[in-house]
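Here is a short tour to read with the model open beside you. Please keep the viewer at hand and follow the residues as they come up.

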Amino acid sequence: MFSSKTLLLRNAEVLVTMDDEGSEIAGGGLFARDGWIEQVGPTSDLPDTADEVIDCRGTVVIPGLVNTHHHFFQTLTRAMAQDSELFDWLVELYPVWSRVTPQHVRVSTITALAELALSGCTTAFDHHYFWPNGSTLDDQAESAREVGIRFHISRGSMSVGRSQGGLPPDEWVESEDAILADCERVVSRYHDPSPGAMTRIVIAPCSPFTVSPDLMRQSAALARSVGVRLHTHLAETLDEERYCQELFGVRPVDLAEQVDWLGDDVWFAHSVHVSGDDIAKMAATKTGVGHCPTSNMRLASGVAPLTRFLENGVPAGLGVDGSASNDSSHMLAEARQALLTARMARAMERSDEPMLTARSVLRVATRGGAEVLGREDIGSLEVGKAADIACFRTDGISMAGAHDPVAALVLTRPIEVDRLVVHGRIVVEDGRLVGLEVPPHLSRHRELARRLIS
């Protein structure tokens, strides 16, 4: 339930609004009512009292971070397939993942959301694309409430198995009629299009090497008829590029264009191997990207051209990706990787363009992610926006000597959030989740993970 009271944050060392001017307010704060921001400014200009008052001395206050790509179930299989590129990595892990049950889906959903929340994330998207042993999207929707952050849930799918030229085992794939029917069911049951929504549904076929072009077309038509967004992996590896050229005669972004998957209601995960023409098409259609630098490095996929996306107006957000190809779900860690890989790419290209800045990456992690997910109600701390707020302390050892605490959130060792507020409701307080007993949950998670690989 949303908060039905007033909230006052005051005395922040600096409050980062992420508004159009990039305003940062020393000694700033905000006042919210029923989860919606009514005032932002210096503490002296705000009301003196509220139902809940948070003193933010010694903290940097930013909009809640927004994660645009993940695979929650992979929290059960961290640090496996350690030295493989994507296709071999998938083939190695498919047999383990085939044993996933509804219990596994529920416990991993809570774990991933909790880990994201503790990193300052207030809105998360998960790309779940297979449903073995009776598991369904309902398992995720029902378990996510225990953490309390906004959740965009995908009805992902795979329909082309190995015998048909795809990568996944045949027993993993579903009929395309069944996929489309269930997409309609979950949108009807769970999707909330209203401002401030806690749950939204995304239609998300897995990738060009796991679904047919016909399913992609039908998924796009269905999503647009019911008003939800579209997501898929695209242009992640050179293996994928070769696959598309051999089977379809085109590169991945051209394939997306052929199956009606360019538009401001679409975003791709990764988009590492894209040409200048690909970027121009994405920019012209406002097709977004979920940038996943850590996973791209872990699997030796390459470095996505984040700076060129931003320069050309491609909507871009950050994604931690799955916990078997990143092994972490920390949004500030991902922001740091995004900054460093962009600078490395600049050096490799011998570019004389300005360096990507820490503040630019924070904008990608907040307002950029909100744009990618189609949310106009989050992503910045402005009047009329939802009170989704992350507060990070500046007095820890990793911030010692940091003369610019905003940039330090990205440049120094990633820290966990001190307080997290979602629609005016406190989710993390003094670095601890409010609604979840973490130790017993992790004990259950460890036991289910052990059974999965035994």
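## A buried aspartate and its partner

In this predicted model, D138 has a relative accessible area of 9%, so it counts as buried. Its side chain meets that of R185 in a salt bridge, with 2.7 Å from N to O. The two residues come from distant parts of the chain: D138 sits in helix α3 (residues 137-143) and R185 in helix α4 (residues 176-190), 47 residues apart. R185 itself is partly exposed, because its relative accessibility is 31%.

R185 also forms a salt bridge with D182, and here the closest N and O atoms are 2.6 Å apart. Because D182 and R185 are three residues apart in helix α4, about one helical turn separates them. D182 counts as buried at 17% relative accessibility. Which residues do the salt bridges that share partners join into one network? They are D138, E142, R155, E174, D182, R185 and R189.

## Another link across the sequence

Side chains of opposite charge can pair when their charged atoms come close. A search of the whole structure turns up 29 salt bridges. One to look at is the salt bridge of R78 with E115, where the closest N and O atoms are 3.0 Å apart. R78 lies in the loop between β8 and α1, while E115 belongs to helix α2 (residues 102-118), so this pair ties together parts that are 37 residues apart in sequence.

Are these two partners buried or exposed, or partly exposed? R78 is partly exposed at 29% relative accessibility, and E115 is partly exposed at 23%.

## Patches on the surface

The loop between β8 (65-67) and α1 (86-97) also holds D83. With a relative accessible area of 76%, D83 is exposed. On the surface, D83 gathers with E85, D88 and E92 in a patch of negative charge.

A nonpolar patch is formed by V303, M344 and M348, which together have about 300 Å² of accessible area. V303 is in the loop between α9 and α10, and its relative accessible area of 32% makes it partly exposed.

## An open sheet and its hairpins

Strands of a sheet pair through backbone hydrogen bonds, either parallel or antiparallel. What is the order of the seven strands in the open sheet? It reads β3-β2-β7-β16-β17-β18-β19, and the pairing is mixed. At the edges stand β3 (24-26) and β19 (432-433); each has a single partner strand, so one side of each is left without a neighbour in the sheet.

Towards the β19 end of that order, you can follow two hairpins. β17 and β18 run antiparallel and are joined by three bridges; V421 has I426 in β18 as its bridge partner. This hairpin has two residues between the strands, and H423 takes a positive phi near 50° there. Strand β18 (residues 425-429) is joined in turn to β19 by two bridges, again with the strands antiparallel. In β19, L433 is the bridge partner of V428, and R432 is the bridge partner of E429. The hairpin of β18 and β19 has two residues between the strands, with D430 taking a positive phi near 50°.

Just ahead of these hairpins is D418, in the loop between α13 (405-411) and β17 (419-422). Its relative accessibility is 13%, so D418 counts as buried. Although D418 and F392 are 26 residues apart along the chain, their C-alpha atoms are separated by 5.3 Å.

## Positive phi in two loops

Most residues other than glycine have a negative phi. Where is K286, which has a positive phi of about 60° although it is not a glycine? K286 lies in the loop between α8 (276-285) and β14 (288-291). It counts as partly exposed because its relative accessibility is 40%.

A300 is another residue other than glycine with a positive phi, in this case near 55°. Look for A300 in the loop between α9 (293-298) and α10 (306-312), the loop that also holds V303 of the nonpolar patch. At 53% relative accessibility, A300 counts as exposed.

Notes
Residues are numbered from 1 along each chain as its sequence is written. This is a predicted model: local features need pLDDT of at least 70, side-chain atom pairs count only at pLDDT 80 or more; totals for chains, interfaces and linings use all residues. Side-chain values use heavy atoms; hydrogens and water are left out. Patches are made of residues with over 30% relative accessible area and no salt bridge: like charges are joined within 9 Å, nonpolar side chains (Val, Leu, Ile, Met, Phe, Trp, Tyr) within 5 Å. Accessible areas come from the Shrake-Rupley method with a 1.4 Å probe; for residues, only the protein chains shown count as cover. A salt bridge is a side-chain nitrogen of Lys or Arg within 4 Å of a carboxyl oxygen of Asp or Glu. Lys and Arg count as positive and Asp and Glu as negative; His and the chain ends are not counted. The place of a charge is taken as NZ of Lys, CZ of Arg, CG of Asp or CD of Glu. Helices (H or I, at least four residues) and strands (E, at least two) are DSSP runs, numbered from the N terminus. Buried means under 20% relative accessible area, exposed over 50%, partly exposed in between (1.4 Å probe, protein chains only). Two strands pair if DSSP finds at least two bridges between them.
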